[in-house]
Structure formats: C-alpha cells, structure tokens
Amino acid sequence: MQARLYMPTDLEEVVQLFYDSVHEVCANDYTSEQLDAWAPRDADVYHWEASLNKSHTLVVEDDGIIVGFGNIGESGYVDRLYVKQSHLHKGVATLILDHLEKYAKAKGYTFMDTAASITARPFFEARGFVVIQSQFVERRGVRLRRYLMEKQI
C-alpha cells in the first residue's frame, strides 16, 4: 500500500469509496435513512471536487485501486478519513492519519480536530484524540450523532 497526493482524476473513485464506506462500514451504528442522508447516491461532484482540491488530500492505493482517502484543511481540521471495508484493520487509516499529522506539524499547527462518527470515534481515541463535545448534525433533514474531537500535536 502506498499513500500519495490526491489528483483530480481520482474524483470518481474517491466519491464512490466514500459512498461505499459510509453504507458498509457504518451500517451497524446508523439507520439506513441516516446513511442515505450522510452519503446519498447522487453526490454533488462539484462540491467534492472543490473541497478535495482546496485541502491537503491523500489517497492510499493497493494494487492501483484507491482503498482509502483523507484530507485536512488549513486550520488542522481532518474533514474526511474513509477506508474500503475490505481494507479495514490493515493500517490504511493509520497511514493516512500519520501523513496528515506530519503535514499539520510542518504547517505549524498545534492541534488537529475532527467531527468523528460513532464508528470512527474509537479509532480517533486510540490515536490520541479526545471528545470535546457530542452533538447531532442535520443532513438532508435527518439527524446524525457525531463527536467533535481534538488532539494536541
């Protein structure tokens, strides 16, 4: 597996990985209605393209297939971190977060933060993030629980 910078030609594969990851990996923690609100089939690719291009975005490939991606914004906010279900517990998320943390340190950030799902919370806690606040966010009229988390770096 190898991490590399996101390229615009990765967009379709990344958006599909996001959809699949949310619907497969998070299925035990959220209802079908919540999963559809969070990751609808008809994703706004223009929004995705703009968001991924303006942040520091990495992908991890395994045999030429993108198996994970993550990004961090200019404030140290980890906006996305998703891994294919077939590659869970194989170090993909750790590899991405390690690279994002190195980037954040190089930029002089003193902390990183994220809004973690119920599913992702244990991973972030194991990596030194602490819950600042539990909250509900609304997506397409549906409420989803998430955790605002922070890590000093």
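The legends below describe close-up views of a predicted model.

**View 1. The open sheet and its edges.** Seven strands make up an open sheet with mixed pairing, and their order across the sheet is 1-2-3-4-5-7-6. Strand 1 (2-5) and strand 6 (130-139) stand at the edges with a single partner strand each, so one side of each is left without a neighbour in the sheet. From one strand to the next, the twist averages 30°.

**View 2. The pairing of strand 3 with strand 4.** These two strands, strand 3 and strand 4, pair in the antiparallel sense over five bridges, and Asn-71 stands opposite Arg-80 in strand 4.

**View 3. Helices 1 and 3 against the sheet.** Helix 1 lies across strand 2, strand 3 and strand 4, and runs at about 90° to strand 3. Helix 3 also packs on the sheet, where it touches strand 2, strand 3 and strand 4, and the direction of helix 3 makes about 115° with that of strand 4.

**View 4. The two faces of helix 3.** In helix 3 (residues 45-54), the buried residues are Trp-48, Ser-51 and Leu-52. Seen down the axis of helix 3, these buried residues fall within an arc of 95°, so they line one face of the helix. They pack against helix 1 (11-25) as well as strand 2 (56-62), strand 3 (65-72) and strand 4 (77-83), whereas the face turned away from the buried side of helix 3 carries the exposed residues Tyr-46 and Lys-54.

**View 5. The N-terminal cap of helix 3.** Asp-44 caps the N-terminal end of helix 3, with a side-chain oxygen that lies 3.2 Å from the backbone nitrogen of Tyr-46; Tyr-46 is also one of the exposed residues on the face of helix 3 turned away from its buried side.

Key:
Residues are numbered from 1 along each chain as its sequence is written. This is a predicted model: local features need pLDDT of at least 70, side-chain atom pairs count only at pLDDT 80 or more; totals for chains, interfaces and linings use all residues. Side-chain values use heavy atoms; hydrogens and water are left out. Buried means under 20% relative accessible area, exposed over 50%, partly exposed in between (1.4 Å probe, protein chains only). Helices (H or I, at least four residues) and strands (E, at least two) are DSSP runs, numbered from the N terminus. The arc is that of the directions from the helix axis to the C-beta atoms. Contact means heavy atoms within 4.5 Å. A polar contact is a pair of N or O atoms within 3.5 Å; within protein, one must be able to donate a hydrogen and the other to accept it, and residues adjacent in sequence count only if both atoms are side-chain atoms. Two strands pair if DSSP finds at least two bridges between them. Axes are lines fitted to C-alpha atoms, for helices over the stretch in contact, and angles run from 0 to 180 degrees between N-to-C directions.
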